[in-house]
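I opened this model to look up a few things and wrote the entries down as I went.

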Amino acid sequence: MVQKLAGIIGKVYFSYEMVESYFPTLSDRLVNRMLDAISKAWDEQLSICEICPTRCIIEKDMYCTMFNE
């Protein structure tokens, strides 16, 4: 995630092998749908991280005031 936000890598690929190893009885169609959902969630999370003022991912070593209260 840090490399993607920093522009070091352009695209992240999710492999069906990981899904199939956890859920070996799923059909190929369902695995593909799961990968589509994972990819969409990933993109949405990154879009939020890009504009978030807390910047806990990019500035992970900096002090975070988010939980002070």
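The entries below cover a helix, the cysteines, a surface patch and some distances.

**Entry 1, the model.** I note at the start that this is a predicted model.

**Entry 2, helix H3.** I looked up the extent of H3 and found residues 28–51, which makes 24 residues. From the first C-alpha to the last, H3 reaches 35 Å, close to the expected 34 Å. I then asked which residues of H3 are buried. They are Val31, Leu35, Trp42, Leu46 and Cys49. I also looked up what covers these buried residues, and the cover includes helix H1 (2–5) and helix H2 (16–22). For reference, I wrote down that an α-helix has 3.6 residues a turn, so residues three or four places apart point the same way.

**Entry 3, cysteines.** How many disulfides does the model have? The count comes to zero. I recalled that a disulfide is a covalent bond between the sulfur atoms of two cysteines. Next I checked whether cysteine 49 is buried or exposed. Cysteine 49 counts as buried because its relative accessibility is 13%, and the cut-off for buried is under 20%. Cysteine 52 has 26% relative accessibility, so I entered cysteine 52 as partly exposed.

**Entry 4, surface patch.** I looked for nonpolar residues grouped on the surface and noted a patch formed by Met18, Tyr22 and Phe23. Together they have about 390 Å² of accessible area. I placed phenylalanine 23 in the loop between H2 and H3. Its relative accessible area is 41%, so phenylalanine 23 is listed as partly exposed.

**Entry 5, the segment after H3.** I looked up aspartate 61 and found it in the segment after H3. Aspartate 61 is exposed because its relative accessible area is 69%, and exposed requires over 50%. I took the C-alpha distance from aspartate 61 to valine 2 and got 12 Å, with the two positions 59 residues apart along the chain. Methionine 62 also lies in the segment after H3. At 58% relative accessibility, I recorded methionine 62 as exposed. The C-alpha atoms of methionine 62 and glutamate 17 are 36 Å apart, and the two are 45 residues apart in sequence.

**Entry 6, serine 15.** Where is serine 15? I found serine 15 in the loop between H1 and H2. Serine 15 has a relative accessible area of 33%, so I put it down as partly exposed. I also took the separation of serine 15 and threonine 65, which is 36 Å between C-alpha atoms for residues 50 apart along the chain.

How values were computed: Residues are numbered from 1 along each chain as its sequence is written. This is a predicted model: local features need pLDDT of at least 70, side-chain atom pairs count only at pLDDT 80 or more; totals for chains, interfaces and linings use all residues. Side-chain values use heavy atoms; hydrogens and water are left out. Helices (H or I, at least four residues) and strands (E, at least two) are DSSP runs, numbered from the N terminus. The expected span of a helix is 1.5 Å times one less than its number of residues. Buried means under 20% relative accessible area, exposed over 50%, partly exposed in between (1.4 Å probe, protein chains only). Contact means heavy atoms within 4.5 Å. A disulfide is a pair of cysteine sulfur atoms within 2.5 Å. Patches are made of residues with over 30% relative accessible area and no salt bridge: like charges are joined within 9 Å, nonpolar side chains (Val, Leu, Ile, Met, Phe, Trp, Tyr) within 5 Å. Accessible areas come from the Shrake-Rupley method with a 1.4 Å probe; for residues, only the protein chains shown count as cover. A salt bridge is a side-chain nitrogen of Lys or Arg within 4 Å of a carboxyl oxygen of Asp or Glu.
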